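Biologist: I'm new to this one, so could you take me through a single part of it slowly? Pick one helix and tell me what its sides face and what sits around it.

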Amino acid sequence: MTTQVFGHKSPDTDSTGSPIIWAWYLNEVHGTAAEAKLLGEPNTEAAWLLERWDLPKPAIISDVEAGAPVVIVDTNNPAELPASINDADIRAIIDHHALVGGLKTKGPIDIAIRPVACTATIMYDLMGDIDMPDWIKGTMLTCILSDTLEFRSPTTTDHDKAVCVKLAADLGIDIPSYAAEMFAAKSDVSSFADAELLRMDSKEYEVDGTKFRVSVLETTSPATVLDRKASLMDTMTTVASEDGVDQVLLFVVDILNEESTLLVPNDLVKSVAAKSFDVTAEGDAVVLPGVVSRKKQIIPNLKV
């Protein structure tokens, strides 16, 4: 059977590009039939990646069959994966997030979970000194620049940066210019409805019995999103109800100024802001200077 390679739901650039990278590697280097999949529509930056490197969009799947061979990338959290994931035959996990637990395998598997900013960085190391086509290098470069916010994120390691510099040199790409194109694509959310924006780059987390959908919108034009804050906050109630969570938290990340704005629709979020980030929300939004990373700065600090 063909091995399906996929990342998390609400796929960002890394969860779109890394399955493509690893499926190529399994097919071309290991001779293992593999195919990249997505667990939802890619965000605007991920869609730009596909267009920039002339890549077909992987098929979107909603679940996996029992016994189907799969490789999981960019997550190890069952809540971010198909409902039947523990019935599948998980062959490998490649990730850069904290170990959550809850996945079950049919036998011993290959696991690479490393403290770097991006799954593609790990793949670069695992693949070793092999001849990669430019589109694989370009996909890797895009994933790493996305996850590091062009090295602005505190998740960035020296190794992530060194891999980026090497890939960009091989491709003859100027990193600042290329990243600017990426972030412009990421910032163009005008065609998305409020509910789509709230789910576009989001993950579910539970904090002391309270369930949150933690949404992050990274942009070079935060005003474009904040101009819609009233309708976004109205839609949070519907999204929370439909998704079975208590509250949606939306952080609008200003990439260039390296800060976030948290929308504050009610007293619960006002309390979360105070307890988690030591700020007082006077109105319907509060600025969090220096906060740009969900993985390293938002999730670990959440308190209710």
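Modeller: Happy to. First, a bit of vocabulary: the expected span of a helix is 1.5 Å times one less than its number of residues. Keep in mind, too, that this is a predicted model.

Let's look at α5, which runs over residues 158-171 and has 14 residues. From its first C-alpha to its last, α5 reaches 20 Å, close to the 20 Å expected.

Now for its sides. The buried residues of α5 are D160, V163, C164, L167, A168 and L171. Looking down the axis of α5, you'd find these buried residues within an arc of 130°, so they line one face of the helix. The spacing has a general background: an α-helix has 3.6 residues a turn, so residues three or four places apart point the same way. On the face of α5 turned away from that buried side, you'll find the exposed residues D158 and A169.

What covers the buried residues? Among the parts that do so are α3 (119-127), α4 (134-148) and α6 (175-187). And just after α5 comes G172, which takes a positive phi of about 70°.

One of those covering helices, α3, has another partner. Helix α1 (residues 13-28) packs with α3 at an angle of about 15°, their axes 9 Å apart. Angles under 35 degrees count as roughly parallel, and that makes α1 roughly parallel to α3. Their crossing is left-handed. Residues making the contact include W22, W24 and Y25 from α1, along with M123, L126 and M127 from α3.

Key:
Residues are numbered from 1 along each chain as its sequence is written. This is a predicted model: local features need pLDDT of at least 70, side-chain atom pairs count only at pLDDT 80 or more; totals for chains, interfaces and linings use all residues. Side-chain values use heavy atoms; hydrogens and water are left out. Helices (H or I, at least four residues) and strands (E, at least two) are DSSP runs, numbered from the N terminus. Buried means under 20% relative accessible area, exposed over 50%, partly exposed in between (1.4 Å probe, protein chains only). The arc is that of the directions from the helix axis to the C-beta atoms. Contact means heavy atoms within 4.5 Å. Axes are lines fitted to C-alpha atoms, for helices over the stretch in contact, and angles run from 0 to 180 degrees between N-to-C directions. Angles under 35 degrees count as roughly parallel, over 145 as roughly antiparallel, 65 to 115 as roughly perpendicular and the rest as oblique. A crossing is left-handed if the near helix is turned anticlockwise from the far one by less than a right angle, and right-handed if clockwise.
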